[in-house]
Every structure is written in structure tokens, then in C-alpha cells.
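Me: I've got a model open and I keep running into labels I'd like to see justified. Can you walk me through the reasoning behind them?

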Amino acid sequence: MTLLSTAQHIARDTRKDPRGHMILIMVAGTITIGAIALVAFLLWPTWGSDPSSGPARLPVSIGATLFNVPTTAVRMKIQRHSGPQERVDLSFMFPSLEPPEAPKHVSADTVEEKPQPIDRIFLSLSAHHDTLAPDTRVRTIYPRYLEQDSTPIDDGLSMRAFRDGSPYSNEDLFSANAPSLSARCTRDGATPGMCLSERRVDGADLTFRFPRSWLGQWRDVAGAMDRLTVQLHGPKG
């Protein structure tokens, strides 16, 4: 009502003074702009794409087996969703087993020439579709290609080399009983050797990968794999 009274008052004044037309136009324009700004402010969405608002953990089903994985541990963005999946690739800092921080931007000026040491353990969860179980492969397949001699390494850990010309040439098999560990490792060369250790949980196979150099603390590595299995799937029933 106040705005209407003001406009009527200005309209009466413009009959006396032609310059009032310009004043009326300016006032009307100001009122219109203010109204548009008010409507835009009220209707403008207040939400945004804040990655921190996402769930901290994702329930995923691999081979009909439920896992509860930390969202930031998932290595590929396309796999960062809940529900059934064929495979999920994860990484964790070692020895803390915390999900890694987001990678820092690297430019030509900041990149370092020396390769950075691997400070994380990689884990792939995949549906096995009734293929040969990892422990069965260790008992029945690997012995066909291993050398006869076993070499003690460190306090319960032993190594057997795969024969040259075999499907696992240039690799060694490390094993221990307490704690349990079985790892197939490539030998150091142009690139540092890496180890692969597998286990089966219901309908999924868990494949761990870590540097061969970590075998100097193999008990810690074996314990880390056990803890990650429990954290993601829960203790054995």
C-alpha cells in the first residue's frame, strides 16, 4: 500500500511538472529490479556439490558377499557407489590402514625425479564365480613349478623359487604358518618387486598387493591383511 500511495503521489506531481515522468520511470525501475532480486534470492538453490557430505562408508556386494568399504579408499571413481559390483579396488596406508588422502596436484615444476616409496597396501575385491580357490592353488598348482629347496628367511618365513621357464618364472613363493602368510612375489629388477597374496571370503576373492621389501616385517603385513579383512567384512562366523 505504501508503494502504491507513493506512485499515485508521484503521478499527481507529474501533471504539474513534466520532469516527474522521468522520476516515475526511475522509481518503477528500482522497484522492479528489487522485486526480481528478492525472488531470485528466495528461489536460488542453497545446496552444492560438497564431497564431504557423502557417506563415509559404502555397503557393496561382491559375489553376493557384503562388504562395508571406506568411500575414500576406493581407487576408481566409477566404483564409488553402493550395491552389487563385480569388482572394487581399494588402497590403505600402511601400517595405519587408514584410507589415503586425496592425491596432490603435480606439475612439471613440482614433480620429483626419484620414485616415491610405496606406503600403501592395495586390495581388490572381486567375484570368483567358483574358480579355483587361492589356498587350493597354493597346495596343488604352485608345487608343480617350484624348486625343491626351501630357503629360511626370517623367524618362520620361508621362500621357494619358481623354476625358470615356468608360468611363474622370476617369482618366489613366501609362506609362514604363525601368523599365516602365503605370498607370490616378483623379484627386484628395473622396478621393485611386488607381492600378491590372496584369500577367499564366501563369494569374493581378496587380492592384496604390497612391496616385496615389506617382507622384512612380514608379521606386521600378515596382521594388516587380517585386520582389513575383518574391518571390511567382519569376523568369521
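Reply: Sure. Let's begin with burial: a residue is buried under 20% relative accessible area, exposed over 50%, and partly exposed in between. Keep in mind that this is a predicted model.

Me: Then why is Pro84 called exposed?

Reply: Its relative accessible area is 70%, and the cut-off for exposed is over 50%, so Pro84 counts as exposed. Pro84 sits in strand E3. Its C-alpha is 8.9 Å from that of Pro59, with the two positions 25 residues apart in sequence numbering.

Me: What makes Gln85 buried?

Reply: Gln85 comes out at 12% relative accessible area. Buried means under 20%, so the label fits Gln85. Gln85 belongs to strand E3, residues 83-85.

Me: Which residues is Gln85 in contact with, neighbours within four places aside?

Reply: Val60, Ser61, Ile62, Gly63 and Gln79. Contact calls for heavy atoms within 4.5 Å. With Gln79 there is also a side-chain link: the Gln85 side chain reaches the backbone oxygen of Gln79 at 3.0 Å. That passes the 3.5 Å limit for a polar contact.

Me: And how do you know that Val74 is buried?

Reply: The value for Val74 is 2%, and the limit is under 20%, so Val74 is buried. Val74 is in the loop between strand E2 (65-70) and E3. Beyond four places in sequence, Val74 touches Val69, Gln79, Arg80, Val88, Asp89 and Leu90. Leu58 is 16 residues away in sequence, and its C-alpha lies 9.6 Å from that of Val74.

Me: What makes strands E1 and E2 a pair?

Reply: Pairing needs at least two bridges, and E1 (residues 57-62) has six with E2, in the antiparallel sense. Within that pair, Leu58 stands opposite Val69 in E2. The two strands make a hairpin with two residues between them, and Gly63 in the turn has a positive phi of about 55°.

Me: Let's turn to the cysteines. Why is the link between Cys185 and Cys195 called a disulfide?

Reply: The sulfur atoms of Cys185 and Cys195 are 2.0 Å apart, and the criterion is sulfur atoms within 2.5 Å. The structure holds one disulfide. The angle about its S-S bond is 110°, and the link is right-handed.

Me: What does the pair tie together?

Reply: Cys185 is in strand E9 (residues 180-186) and Cys195 in strand E10 (residues 194-201), so parts ten residues apart in sequence are tied together.

Me: Are those cysteines buried or exposed?

Reply: Buried: Cys185 has 0% relative accessibility, and Cys195 has a relative accessible area of 2%. The cut-off is under 20%.

Me: How many aromatic pairs does the search find?

Reply: Six in the whole structure. In one of them, the centres of Phe162 and Tyr168 are 5.0 Å apart and the planes meet at 40°. Centres within 6.5 Å make a pair, under 30 degrees is stacked and over 60 is edge-to-face, with the rest tilted. That leaves Phe162 and Tyr168 as tilted. Both Phe162 and Tyr168 are buried.

Me: Then what makes Phe210 and Trp214 stacked?

Reply: Their centres lie 6.3 Å apart and their planes are at 10°, so the pair is stacked. Phe210 and Trp214 are both buried as well.

Me: Which residues do ring pairs link into a cluster?

Reply: Tyr142, Tyr145, Phe162 and Tyr168.

Key. Residues are numbered from 1 along each chain as its sequence is written. This is a predicted model: local features need pLDDT of at least 70, side-chain atom pairs count only at pLDDT 80 or more; totals for chains, interfaces and linings use all residues. Side-chain values use heavy atoms; hydrogens and water are left out. Helices (H or I, at least four residues) and strands (E, at least two) are DSSP runs, numbered from the N terminus. Buried means under 20% relative accessible area, exposed over 50%, partly exposed in between (1.4 Å probe, protein chains only). A polar contact is a pair of N or O atoms within 3.5 Å; within protein, one must be able to donate a hydrogen and the other to accept it, and residues adjacent in sequence count only if both atoms are side-chain atoms.
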